[in-house]
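Colleague: Please take one sheet of this model and go through it closely: which strands pair, in what sense, and what packs against them. After that, set the rest of what you have beside it.

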Amino acid sequence: MSNHCVIGVDLGGTNVRACAIDHAGNEVGDRIERPSFAQNGTDAILNAVSSAVIAARESARVPVSAIGMAIPGFVDNRAGVIRWAPNFGEERHGVFYSWRDVDVRSPIEAQTGLPVHMGNDANLAALGEYKYGLGKGTANCLVMLTLGTGIGGGVVMSPASVDGNAQGPLVLVGGN
């Protein structure tokens, strides 16, 4: 067992799920699942995420060092911002306004006291499958399609599957 773990978060259009995971991909705490309140506004969504993270941290059997979040949409991890996510937002005067340029990192870090790293949910699902699932130790390339509240996909390539000086695994994030 590792001497630390991260809280993995899957933020979806219906639910938010969180669990403490060690470096080898083992669960070291309870799986937490709550409604994501995806269309109830940013505060409700981020409070749901923080609440799930705090519950997952409390159940962790080793110290937690960070949060890793998988979020559907165009995720700008460097800025800590969701550039666009069609499943999240709020209705105002009969019109749904989806997330555009929403700061996710700062509020969650403030509420949990943990650093946040994030990426597109389909890309991270593909990377997880490559590293810990069916692709573990065998795949040079892996393509994954995700079906849930929305539809997504991810592509992971090992350095052996590309020409040039690549180190990996590499996740194809598209042109955005």
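Modeller: Strand β10, residues 151-157, pairs with β11 in the antiparallel sense, and three bridges join the two. This is a predicted model, and everything below should be read with that in mind. One place to look for the pairing is Met157, which stands opposite Leu170 of β11. The pair belongs to an open sheet of three strands, in the order β9-β10-β11, with antiparallel pairing. The edges of the sheet are β9 (141-147) and β11 (170-172), each of which pairs on one side only. From one strand to the next the twist averages 25°. A helix accompanies this sheet: α3, residues 121-132, lies across β9, β10 and β11. Its direction runs at about 45° to β10.

A second sheet can be set beside that one. It too is open and has three strands, here in the order β5-β6-β7, and the pairing is antiparallel. The edge strands in this case are β5 (74-76) and β7 (95-103), each pairing on one side only. Here the twist from one strand to the next averages 45°. Strand β6 covers residues 81-92 and runs antiparallel to β5, with three bridges between them. Within that pairing, Val75 stands opposite Ile82 in β6. Helix α1, residues 42-59, packs on the sheet and touches β6 and β7. The direction of α1 makes about 55° with that of β7.

The remaining part concerns charged side chains. The count of salt bridges in the model comes to six. Two of the contacts share an arginine: Asp10, Arg17 and Glu33 are linked in a network of salt bridges. On one side of the network, Asp10 forms a salt bridge with Arg17, with the closest N and O atoms 3.7 Å apart. That distance qualifies because the cut-off is within 4 Å. On the other side, the side chains of Arg17 and Glu33 meet in a salt bridge at 3.4 Å, N to O. Arg17 lies in strand β2 (residues 15-22) and Glu33 in strand β3 (residues 32-35), so this pair ties together parts that are 16 residues apart in sequence.

How accessible are the members of the network? Asp10 has 33% relative accessibility and counts as partly exposed. Arg17 is partly exposed at 37%, and Glu33 is partly exposed at 49%. The value for Glu33 still falls in the partly exposed class because exposed means over 50%.

A further salt bridge joins Arg31 to Glu27, where the closest N and O atoms are 2.6 Å apart. Its two partners fall in separate classes: Arg31 counts as exposed, at 66% relative accessibility, whereas Glu27, at 36%, counts as partly exposed.

To return to the part you asked about: β10 sits between β9 and β11 in the sheet order, and α3 is the helix that lies across these strands. For the second sheet, the corresponding helix is α1, which touches β6 and β7.

Definitions and conventions. Residues numbered from 1 in each chain as written. Predicted model: local features only at pLDDT ≥ 70, side-chain atom pairs only at ≥ 80, totals over all residues. Heavy atoms only, no water. Pairing = 2+ DSSP bridges. Helix = DSSP H or I, 4+ residues; strand = E, 2+ residues; numbered from the N terminus. Axes fitted to C-alpha atoms, helices over the stretch in contact; angles between N-to-C directions. Contact = heavy atoms within 4.5 Å. Buried < 20%, exposed > 50% of the residue type's maximum accessible area, 1.4 Å probe, protein only.
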